[in-house]
Amino acid sequence: MKKLMLSVLGAAALVMGGCGGESRMREVPGPRPDFPEEVQGQRFELRLKGVNNPGYASALVQVRRVSVTTVDGQSLPVRLKSRFAMDLTQTEQAYLLGLFVVPEGVDRVKVEVEFDDFGGYEGASGDGVIDTRVAPLRFESPVAYLAERGHAVVHLDLGQSLQAQGEGRLLLPSLDVRY
């Protein structure tokens, strides 16, 4: 039954892809820049990694928004790169959340990562929903630290961040930022 459903979905995608003829936009070959040429400054990556897993088989979250500002509130250019759910139990994976540009003369930035409303988890005692609406990930970073390796990796402590709430979990971020 699963193969039949996949075949039907595949055929539907081919039919839909063939519709529209010349009215569809054509893809331009070659690499596309993440930022327009006029955006000047140092480019950095923001990554997320789950650490201190107390035994979850999976802990899935999805990012809705990443914002980076100067300490006085000026928004900086950001490109969200994470479009799919991330399994934070994958200890060897630091997921790329986004890219951002910091103009010259800025010494510190504020970073905020907002998740979709809910994620999910699976563990030995069962599975359930992760409520990620409580608080986004937030931290301040000296630009000099970012410049050392070109990125910040947020280590989200799963043992402390996922708090039991009924049959689900509440995400109360406990994090450490590595450069």
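This passage walks through the sheets, the nonpolar core, the cavity and a few individual residues of a predicted model.

We can start with the bigger of the topics here, the sheets. Six strands line up as an open sheet in the order 5-2-8-9-13-12, with mixed pairing. At its edges sit strand 5 (86–87) and strand 12 (162–165), each of which pairs on one side only. Inside this sheet, strand 2 meets strand 8 (residues 118–123) in the antiparallel sense, over four bridges. Two of the residue pairs can be picked out by name: tyrosine 56 stands opposite glycine 123 in strand 8, and alanine 59 stands opposite tyrosine 121 in strand 8. Going on along the sheet order, strand 8 is joined to strand 9 by six bridges, again running antiparallel. Here tyrosine 121 turns up once more, this time opposite glycine 128 in strand 9. Strands 8 and 9 make a hairpin, with two residues between them.

Glycine 126 belongs to strand 9 (residues 126–131). With a relative accessible area of 27%, glycine 126 counts as partly exposed. Its C-alpha atom is 9.9 Å from that of alanine 57, although 69 residues separate the two along the chain.

The other sheet to look at is built from three strands. It is open, with the order 3-7-10 and antiparallel pairing. Strand 3 and strand 10 have a single partner strand each, so they stand at the edges with one side lacking a neighbour in the sheet. Ignoring direction, neighbouring strands in this sheet are turned against each other by 15° on average. Between strand 7 and strand 10, which run antiparallel, there are six bridges. One residue pair to check by eye is lysine 110, whose bridge partner in strand 10 is glutamate 140.

Then there is the nonpolar packing. The largest nonpolar core holds 35 residues, and the members that touch the most others are Leu46, Leu48 and Val109. Elements giving two or more residues to this core include strand 1 (42–51), strand 2 (56–61), strand 3 (63–70), strand 7 (108–115) and strand 10 (137–142), along with helix 2 (143–149). Strand 6 (95–102) and strand 11 (151–157) are also among them. As a general matter, nonpolar side chains tend to be buried together in soluble globular proteins.

Leucine 46 is a handy residue from which to explore this core. Setting aside neighbours within four places in sequence, its contacts include Tyr95, Leu96, Leu97, Gly98 and Phe100. Leucine 46 is also in contact with Val66, Val111, Val113 and Phe139, and with Ala152 and Val154.

What about empty space? Searching the whole structure turns up one cavity of 30 Å³ or more. The largest cavity contains about 30 Å³ of space. Its lining consists of Ala59, Val61, Leu88, Ile130, Leu156, Leu158, Leu162 and Leu171. Alanine 59 in this lining is the residue already met opposite tyrosine 121.

One last residue is worth a look for its backbone. Asparagine 52 lies in the loop between strand 1 and strand 2. Its phi is near 55°, a positive value in a residue other than glycine. Asparagine 52 has a relative accessible area of 46%, which makes it partly exposed.

Note on methods
Residues numbered from 1 in each chain as written. Predicted model: local features only at pLDDT ≥ 70, side-chain atom pairs only at ≥ 80, totals over all residues. Heavy atoms only, no water. Core = buried A, V, L, I, M, F, W, Y, C linked by side-chain atoms within 4.5 Å. Buried < 20%, exposed > 50% of the residue type's maximum accessible area, 1.4 Å probe, protein only. Contact = heavy atoms within 4.5 Å. Pairing = 2+ DSSP bridges. Axes fitted to C-alpha atoms, helices over the stretch in contact; angles between N-to-C directions. 1 Å grid on protein atoms, 1.4 Å probe; cavity = no way out; pocket = protein on both sides within 12 Å on 5 of 7 lines; lining within 4 Å. Points joined across faces, edges and corners; volume = space filled by probe spheres on them.
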